[in-house]
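Notebook open, viewer running. I want to look up the core, one helix and the overall counts, and jot things down as I go.

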Amino acid sequence: MKTDRLMKTVTSDKVSIGFVATLLVLAINAATAYQSISKIAENNRLESHSDDKIAILGKMLLALKDIEMGQREYELTNNPQYLAAHRIDISNIHTQSKLLVDLKPHRQKLGAKFKITIDRHLRELSATIDKRQAQVLTPANQIVLSQGGQRSIARIREIITSLDESEKISVDRLRIESRKSLADAQIAFGISGLSDLLLLGILYGLVHWDLTKKRQAESTLRDYVAEFKELYHNAPCGYHSLNSTGQFLRINRTELQMLGYEESEIIGCKNIVDLLAPESIQTFHHNFSIVKTRGWIHDLELNLVRKDGQIVPISTTVIAIKDDRGNYLSSRSTVIDISDRVRLRKQAKLSGEISQKIRQSLKLAEILQTAVEEVQKLLEVDRVLIFRFEADGSGTIVEEKVLAGYPVAMGSTIVDPCFDRTYHARYAQGRVYTVTDITQGGFEPCYVEFLQKFAVKASSIVPIHLRDELWGLLIVHHCQAPREWQPNEVEILSQLATQIGIALTQSQLLEQEQLQRQELARSNTELEQFAHIASHDLQEPLRMVISYLQLLSRRYQGKLDRDADEFIDYAVDGAARMQALIQALLSYARVSSRGQPFDLVKCDLVLQDAISNLQVAITESTAVITHDPLPEIWGDATQLTQVFQNLIANAIKFRREISPKIHISVRSIDALNQNTLSPTPTLSGAGIQSHSSAPSGRSCDAPPHIDLSSPSTEEIPVTRSAWCFAVTDNGIGIEAEYLDRIFVIFQRLHTRVNYPGTGIGLAICKKIIERHGGTIWVDSTPMRLDSVLPQSLPAQPECYGSTFYFLIPAVGSISSQHAHKQPPH
């Protein structure tokens with residue numbers, strides 16, 4: 001359109017320039033012609049004057065000739081009658097000279113001079129005659145007078161002749177100039193004519209080209225208008241225009257078909273609000289004010305009401321039309337029917353809800369029943385069934401949902417004569433099979449007959465995998481009529497089949513877990529029985545052995561030889577250690593069997609109890625214990641006290657030659673690896689100092705960094721929300737190769753001479769933490785051997801010691817296997 005307007009402007013300018021040029025040439029030609037005609041007219045006038053003047057001069061020459069003849073005759077005859085004619089001729093010359101002077105006023109000065117000269121010579125001639133007439137002259141005088149008169153006449157003749165020749169020359173020049181002007185005018189007229197013809201030809205060509213282009217543009221415009229109307233009315237989306245009050249100005253046929261109205265029922269009759277569903281009116285008014293201010297809005301979802309009352313969900317994009325001052329005038333909108341989008345969105349939402357329902361249950365029967373019921377409602381099909389494969393390739397329908405009036409296939413053993421192992425392999429590879437019309441699918445007659453037994457018109461089949469194995473098929477049937485399966489419907493079926501497979505896997509895992517629990521319960525029962533036997537049947541003989549060994553030691557110590565005394569000491573020590581091991585084993589077994597019910601536990605109080613139980617060891621070792629503010633958790637207070645007591649006792653036992661420094665910190669699982677929680681220690685009893693730094697040694701006066709990515713913690717089951725406790729010391733540390741052994745029952749890393757004990761304390765801690773749904777691990781930097789040797793110069797502080805970490809789920813975040821231990825709501 002811009003090009004057409006530019007071409008039209010250029011053409012109009014060219015035509016205007018052509019007309020102006022033509023007019024200018026005509027004006028120049030007119031001026032030239034006028035100048036030439038004026039010149040010719042002036043020359044003609046001057047030529048006429050010259051002709052008149054020449055005629056007067058001719059008359060004067062004739063009169064002068066008569067004067068000369070009269071004078072000569074008078075001189076010869078002295079007859080006065082010749083004087084009368086002589087004087088008349090002189091008078092005629094005077095008259096003619098006066099006419100000559102009056103004939104050309106612009107040369108009056110030259111004519112006056114001519115007249116004066118003529119008059120002077122005429123007076124001289126008259127004076128000569130008068131002298132001749134007045135006195136009798138001698139012949140000599142007569143001759144003189146006669147010669148004087150002849151000279152005057154000759155001079156007059158000479159003057160008249162000179163003037164006559166001059167006038168004739170002037171006439172010739174004027175005639176030449178007139179002919180030249182006429183030729184110039186003719187040439188100018190010729191050039192002008194040719195120029196005018198050329199310009200008129202150009203103008204005609206331009207006008208013709210302009211008219212042709214105009215006709216072509218009008219034809220193109222008509223084509224564009226027709227094309228635009230066709231596109232406007234047959235566009236895949238609706239278009240409409242509204243005035244400032246929301247009244248319809250224009251609407252295309254697509255939107256009319258969408259709404260079920262005629263154009264005459266909308267234009268000038270309906271406001272956009274009249275077509276909005278009640279729930280969309282407020283949304284429209286809110287966003288329409290935005291359109292007036294901002295000028296546009298994109299992908300606004302509204303609900304329109306059809307003429308028949310049905311709701312049509314649409315997405316509209318609105319553009320505001322404003323004047324030069326920015327005042328809102330009208331709007332133009334595109335309207336897209338998003339029924340499919342809304343349906344897909346609803347199906348996706350329902351699919352998610354169905355997946356959640358399927359996975360809520362861990363019982364196989366409930367999973368399958370929920371799946372077929374929800375799929376039947378979601379896709380509005382006539383039958384949904386789940387087919388399970390047997391080992392021999394046959395199968396059984398294990399669950400079905402079918403509308404009333406159609407054959408029931410539930411419980412039937414399916415023997416399809418057309419189904420062979422190749423089909424089984426294809427489904428195992430993830431094949432999804434859809435049939436729009438079983439009679440048009442090109443199937444074998446046996447397969448069509450098989451499907452018709454169950455009134456199937458269309459079907460869709462999706463495989464269900466249990467891990468990597470083909471477990472069965474999710475099959476939907478449409479029995480009323482053939483059905484075109486949409487890609488999103490097949491995708492939803494595939495997703496639901498995947499969710500069913502996951503739920504089946506979870507159900508299988510639950511079954512395995514239940515078996516493992518049963519086995520664990522049996523093992524625990526046997527362990528409790530063993531503990532009972534150990535506590536009653538083994539301890540009594542052991543106490544008797546110890547008593548008699550002690551009696552032998554008291555009675556015969558020093559009375560036998562040295563070997564006997566040594567043997568008795570060995571026996572007493574062994575029996576005491578055996579008793580300690582049995583007591584430790586009982587404690588380990590009673591973690592599960594004798595644990596207290598879970599309750600809200602304040603970890604600060606639990607830690608105080610553990611420190612109180614270790615007060616003697618703390619005082620003897622001058623240990624310094626600090627801790628962060630500790631949270632409340634859901635657990636067994638007695639067992640948690642034992643965990644803190646065992647860990648602190650180990651930190652005191654496995655110390656260096658310096659005072660032990662132990663720090664208990666805690667962080668939320670959401671704050672791991674982030675320095676967002678600054679420890680704020682509190683007083684915890686005797687030997688406890690209040691400071692904000694962790695003990696020197698491994699921590700290097702900084703809070704421990706809790707790192708869940710270390711190799712020793714790869715199997716940590718991190719829950720959604722948990723507390724991570726850390727017990728850090730500056731002791732001797734643990735070598736890396738022993739980090740996994742220390743939590744095994746009766747595993748020792750040192751001799752009983754250097755570090756007494758049973759080696760079961762950390763195993764008990766592990767079992768208690770696992771009972772609480774958590775886990776425990778250690779990170780350690782062992783002390784080097786040369787670090788205990790004296791140095792000549794003071795050494796820099798080094799980071800030695802261990803940090804024991806354990807996770808305890810926060811209240812409300814206990815895993816499913818510990819769900820029975822959660823606090824009541």
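Started with the largest nonpolar core, keeping in mind that this is a predicted model. I get 40 residues in that core, and the ones with the most contacts inside it are I648, I664, F725 and F806. Next I asked which elements supply at least two residues each. On the helix side these are α14 (603-613), α16 (637-653) and α17 (761-771). The strands on that list are β15 (661-668), β16 (722-728), β17 (775-781) and β18 (801-809). α16 gives the most to the core, with seven residues.

Then I picked I648 and looked up its partners, leaving out residues up to four places away in sequence. I648 touches L607, I611, L614, I625, I662 and I664.

Moved on to helix α9, residues 364-379. I checked its span: the 16 residues reach 23 Å from first C-alpha to last, close to the 22 Å expected at 1.5 Å a residue. Which residues of α9 are buried? I noted I367, L368, A371, V372, E374, V375, Q376, L378 and L379. I also recalled that residues three or four places apart in an α-helix point the same way, because there are 3.6 residues a turn. Right after α9 comes E380, and its phi is positive, near 55 degrees.

Last, the whole chain. I count 17 helices and 18 strands. Of the 825 residues, 40% are buried. For contacts with a separation of 6 or more, 68% come from residues 24 or more positions apart. The accessible surface is about 46600 Å², and carbon and sulfur atoms hold 55% of that surface.

Notes
Residues are numbered from 1 along each chain as its sequence is written. This is a predicted model: local features need pLDDT of at least 70, side-chain atom pairs count only at pLDDT 80 or more; totals for chains, interfaces and linings use all residues. Side-chain values use heavy atoms; hydrogens and water are left out. Helices (H or I, at least four residues) and strands (E, at least two) are DSSP runs, numbered from the N terminus. Buried means under 20% relative accessible area, exposed over 50%, partly exposed in between (1.4 Å probe, protein chains only). Contact means heavy atoms within 4.5 Å. Accessible areas come from the Shrake-Rupley method with a 1.4 Å probe; for residues, only the protein chains shown count as cover. A nonpolar core is a set of buried Ala, Val, Leu, Ile, Met, Phe, Trp, Tyr and Cys residues joined through side-chain atoms within 4.5 Å. The expected span of a helix is 1.5 Å times one less than its number of residues.
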